[in-house]
Amino acid sequence: MAKDVWLPYEAHEIQGLPEASEAGLDYRCWDGGPDFPADPADCVFYVVPYMKPTEIAVRPLPAMTSVRVVQTLTAGIDHVQPGLGFLAPGVRLCNARGVHEASTAELALGLILASLRGIPRFVEGQRQEEWRSGFYPALADKSVLIVGYGSIGSAIEDRLTPFECARVARVARSSRATERGPVHPLTELPSLLPQADVVVVSTPLTEDTRGLVDAAFLARMKDGALLVNVARGPVVDTSALVAELESGRLTAALDVTDPEPLPAGHRLWHAPGVLISPHVGGSTSAFLPRAQRLMAAQVTKFAAGEPLDNVVRTIGR
């Protein structure tokens, strides 16, 4: 019986993959095109094509009757969630922890600095040939709150450390201790929001986090605070955010939006005090080498019958 591994890249481009003949595997390349590279029923290990919409990511899943592992190349798994009902009990779903931390944390820091230091205003001033000098906020001495303190949240704090922040507070689903200090549970979020000058959202998109940043959340943020979203667009209530931006009370820097892509004419494009990047947190030169290392390591472990990394769910458990 065939044991196919579907990869979004040609196998020869991925260093470290086990030899197909020795591992008893056949490598097939599928990056979301209209034609499948082989019968999906023969696939035992499926690496989901990167940055493809849900309808493409889940398209082969109903026919993948032999699949044992579904490996995403994203930190979140929301884009494959609609297809999980087609999978047999025992199939392991793995995310890309370790792939996107560096790139996403870099962008989070870049968005914070650009927003505080007025970079968009300077760019516009350059176009207008206007010298827009003055005093601007610094990140130094600011209080930062990271909502969603997983591996990406931790990487963001790594990059904040040299900037002399007055305080970095951390929030996750449940409390725990770290070398840097406590991680507060979500239940304490209402009391932490009013203390933060910068609120960075880096949570996965789940039923619990969808709409987490709603009107009540935003109302608890202090006047003049900056909201940074490098998570998923639907974590934030767009209408509520636009209302706060248009009032001038808050500012925002968003790598993700809801809807996405943000359509022409949407109010968010022209809301005052907002900086928008087009969901490029993980799309950098750092992605491919890390993604290739992850794919090689995971397939090697699968072929050897060893436990896989980054298992976020086992179907039926």
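The legends below describe close-up views of a predicted model.

**View 1. The six-stranded open sheet and the helix that packs on it.** Six strands make up an open sheet of mixed pairing, and their order across the sheet is S2-S1-S3-S4-S5-S14. Strand S2 (26-29) and strand S14 (311-314) stand at the edges with a single partner strand each, so that one side of each has no neighbour in the sheet. From one strand to the next, the twist averages 20 degrees. Helix H9 (residues 287-304) packs on this sheet, where it touches strand S1 (4-7), S2, strand S3 (43-47), strand S4 (69-71) and S5, and the direction of H9 makes about 160 degrees with that of S3.

**View 2. The pairing of S5 with the edge strand S14.** Strand S5 (residues 92-94) and S14 run antiparallel and are joined by three bridges. Within this pairing, Leu93 stands opposite Arg313 of S14.

**View 3. Pro37 in the loop between S2 and S3.** The loop that lies between S2 and S3 contains Pro37, a residue that is partly exposed because its relative accessible area is 32%, which falls between the limits of 20% and 50%. When residues up to four places away in sequence are not counted, Pro37 touches Trp6, Arg28, Cys29 and Trp30. Pro37 and Tyr27 are 10 residues apart along the chain, and their C-alpha atoms are separated by 9.7 Å.

**View 4. Thr104 in helix H3.** Thr104 belongs to helix H3 (residues 101-117), and its relative accessibility of 6% is under the 20% limit, so Thr104 counts as buried. The side chain of Thr104 reaches the backbone oxygen of His100 at 2.9 Å. With its neighbours within four places in sequence left aside, Thr104 is in contact with Ile152, Val230, Gly281 and Gly282.

**View 5. The second largest pocket and its lining.** This pocket, the second largest, has a volume of about 330 Å³. Its lining consists of 20 residues, and those nearest the centre of the pocket are Ser115, Leu116, Gly118, Thr251 and Gly273. The elements that contribute two or more residues to this lining are H3, helix H4 (119-128), S12 and S13.

**View 6. Helix H8, from its start to the residue that follows it.** At the start of H8, a side-chain oxygen of Asp237 comes to within 3.1 Å of the backbone nitrogen of Ser239. The buried residues of helix H8 (residues 238-247) are Thr238, Ala240, Leu241, Val242, Glu244 and Leu245, and these buried residues pack against helix H7 (215-220), strand S11 (226-229), strand S12 (251-254) and strand S13 (274-276). After H8 comes Gly248, which has a positive phi, near 80 degrees.

**View 7. Strand S9 and its partners S7 and S8.** Strand S7 (residues 167-172) and strand S9 (residues 182-185) run parallel and are joined by three bridges, with Pro185 in S9 as the bridge partner of Ala172. Strand S8 (residues 176-177), by contrast, runs antiparallel to S9 and is joined to that strand by two bridges; here the bridge partner of Arg176 is Val183 in S9. S8 and S9 form a hairpin in which four residues lie between the two strands, and Gly181 in the turn has a positive phi of about 145 degrees.

Methods. Residues are numbered from 1 along each chain as its sequence is written. This is a predicted model: local features need pLDDT of at least 70, side-chain atom pairs count only at pLDDT 80 or more; totals for chains, interfaces and linings use all residues. Side-chain values use heavy atoms; hydrogens and water are left out. Buried means under 20% relative accessible area, exposed over 50%, partly exposed in between (1.4 Å probe, protein chains only). Contact means heavy atoms within 4.5 Å. A polar contact is a pair of N or O atoms within 3.5 Å; within protein, one must be able to donate a hydrogen and the other to accept it, and residues adjacent in sequence count only if both atoms are side-chain atoms. Two strands pair if DSSP finds at least two bridges between them. Axes are lines fitted to C-alpha atoms, for helices over the stretch in contact, and angles run from 0 to 180 degrees between N-to-C directions. On a 1 Å grid over the protein atoms alone, a cavity is a set of points where a 1.4 Å probe fits but cannot get out, and a pocket is an open set with protein on both sides within 12 Å along at least five of seven lines; lining residues have an atom within 4 Å of a point. Grid points are joined across faces, edges and corners, and a volume is the space filled by probe spheres set on the points.
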